[in-house]
Amino acid sequence: MTSYEFVYCLPLPTIKMDKGTGVVTSVPSDAPDDYMMLRDLQTKDGLRKILNVEAEWVMGFEPIPIIEIPGMGNLSAKFACEEFKVASYKDVENIAKAKDKCYGEGFREGLMTVGLGAGKKVEDVKPLVKQYMIDNGFAVIYSEPESEIISRSGDSCIVALCDQYLLQYGEASWLEKVKEHIFSKNFETYNPKTMIEFKGVLDWLKEWGCSRTQGLGTTLPWDENFVIESLSDSTIYMAYYTIAGFLQGGVLDGSVVGPAGIKAE
């Protein structure tokens with residue numbers, strides 16, 4: 001979606017190479033990391049030799065203005081790098097400051113100047129561009145964990161796209177009942193911080209994986225290829241405790257029919 005006929009794949013030492021493909025989109029107009037790396041590659045022969053980059057791969061490629069930010073202009077990365085006196089792509093501390101300013105101001109106040117989002121705020125345009133790219137076959141939905149996942153055995157996990165059953169904690173009518181109770185006069189937490197946590201989680205928690213394909217556990221009644229994921233099991237059995245006495249009558253192995261008259265099988 002760039003106006004350049006083609007672009008090169010260039011090295012950027014600050015990229016996490018163990019995450020995904022290790023290839024990211026370079027936006028030197030608004031990303032300080034990208035701006036400084038491009039500038040350093042364009043102006044430092046020694047750096048190009050170390051990284052095996054040919055001059056023609058970087059010369060002639062200039063940042064393309066795509067976002068206008070009040071007080072920062074349409075090349076916010078350049079503006080912020082100059083403001084914080086970023087020396088090079090290795091100047092991590094000042095780049096972090098520049099990045100915070102560019103990303104924060106850009107998302108809240110930035111106006112797109114090109115493409116289907118021209119004249120609209122970045123935060124409003126983001127979902128529109130995302131859908132446009134998906135509809136036109138330029139992109140696919142991709143999810144990843146926020147950080148590296150380590151198993152209980154200490155191994156680094158590889159994330160795979162698998163079928164999954166989810167508990168829909170964010171179901172509208174359930175969520176409304178929970179909020180109604182928690183925010184009523186009948187509910188009070190011993191620690192005020194707990195109430196803050198409740199408010200945050202209620203708005204954040206939408207769906208949660210509740211199944212897996214291997215390991216010990218109870219199989220899902222409707223799909224025996226899956227077992228109930230242990231942490232989800234933990235949320236289910238607390239609800240089960242409220243009716244367990246009626247079903248089991250205090251006998252754990254199901255050999256006695258409880259007061260409700262329902263057999264274990």
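Here is a short conversation about how some labels on this predicted model are justified.

User: Before the details, what should I keep in mind about the model and its numbering?

Analyst: Happy to start there: this is a predicted model, in which local features need pLDDT of at least 70 and side-chain atom pairs count only at pLDDT 80 or more, while totals for chains, interfaces and linings use all residues. Residues are numbered from 1 along each chain as its sequence is written, and side-chain values use heavy atoms, with hydrogens and water left out.

User: Why is the contact between Lys 99 and Asp 33 called a salt bridge?

Analyst: The term needs a side-chain nitrogen of Lys or Arg within 4 Å of a carboxyl oxygen of Asp or Glu. In this pair the closest N and O atoms are 2.7 Å apart, so the contact qualifies. Lys 99 sits in helix α4 (residues 92-109) and Asp 33 in helix α1 (residues 32-43), so the bridge ties together parts that are 66 residues apart in sequence. Helices here are DSSP runs of H or I with at least four residues, strands are runs of E with at least two, and both are numbered from the N terminus.

User: What makes Asp 33 buried or exposed?

Analyst: Buried means under 20% relative accessible area, exposed means over 50%, and partly exposed is in between, using a 1.4 Å probe and protein chains only. Asp 33 has 12% relative accessibility, so this residue counts as buried. Its partner Lys 99 has 28%, so Lys 99 counts as partly exposed.

User: How do you know that Arg 39 and Glu 62 meet in a salt bridge?

Analyst: Their N to O distance is 3.0 Å, which falls within the limit, so the pair is counted. Arg 39 belongs to helix α1, and Glu 62 to the loop between α2 (45-50) and β1 (67-68), 23 residues apart. Arg 39 is partly exposed because its relative accessible area is 22%. Glu 62 has 40% relative accessibility, so it is partly exposed too.

User: Why does the pair Asp 40 and Lys 44 count as a salt bridge?

Analyst: Here the closest N and O atoms are 3.5 Å apart, so this pair also meets the rule. Asp 40 is buried because its relative accessibility is 4%, whereas Lys 44, at 34%, counts as partly exposed. As general background, side chains of opposite charge can pair when their charged atoms come close.

User: How many salt bridges does the rule give?

Analyst: The count comes to 7 salt bridges.

User: What makes Tyr 237 and its companions a nonpolar patch?

Analyst: A patch is made of residues with over 30% relative accessible area and no salt bridge; like charges are joined within 9 Å, and nonpolar side chains (Val, Leu, Ile, Met, Phe, Trp, Tyr) within 5 Å. Tyr 237 has a relative accessible area of 38%, so it clears the area cut-off while counting as partly exposed. The patch consists of Tyr 237, Met 238, Tyr 240, Tyr 241, Ile 243 and Phe 246, with about 650 Å² of accessible area together. That area comes from the Shrake-Rupley method with a 1.4 Å probe, and only the protein chains shown count as cover for residues. Tyr 237 lies in helix α8 (residues 230-248).

User: What stands out about the backbone at Asn 52 and Lys 85?

Analyst: Asn 52 has a positive phi of about 60 degrees although it is not a glycine, and Lys 85 has one of about 55 degrees, also without being a glycine. Asn 52 is in the loop between α2 and β1, and Lys 85 in the loop between α3 (76-83) and α4.

User: Why is Asn 52 called exposed?

Analyst: Its relative accessibility is 60%, so Asn 52 counts as exposed. Lys 85, at 66%, counts as exposed as well. Phe 84 lies in the loop between α3 and α4, but at 23% Phe 84 counts as partly exposed.

User: Which residue is 8.5 Å from Tyr 4, C-alpha to C-alpha?

Analyst: That is Phe 61, 57 residues from Tyr 4 in sequence. Tyr 4 is in the segment before α1 and, at 27% relative accessibility, counts as partly exposed.
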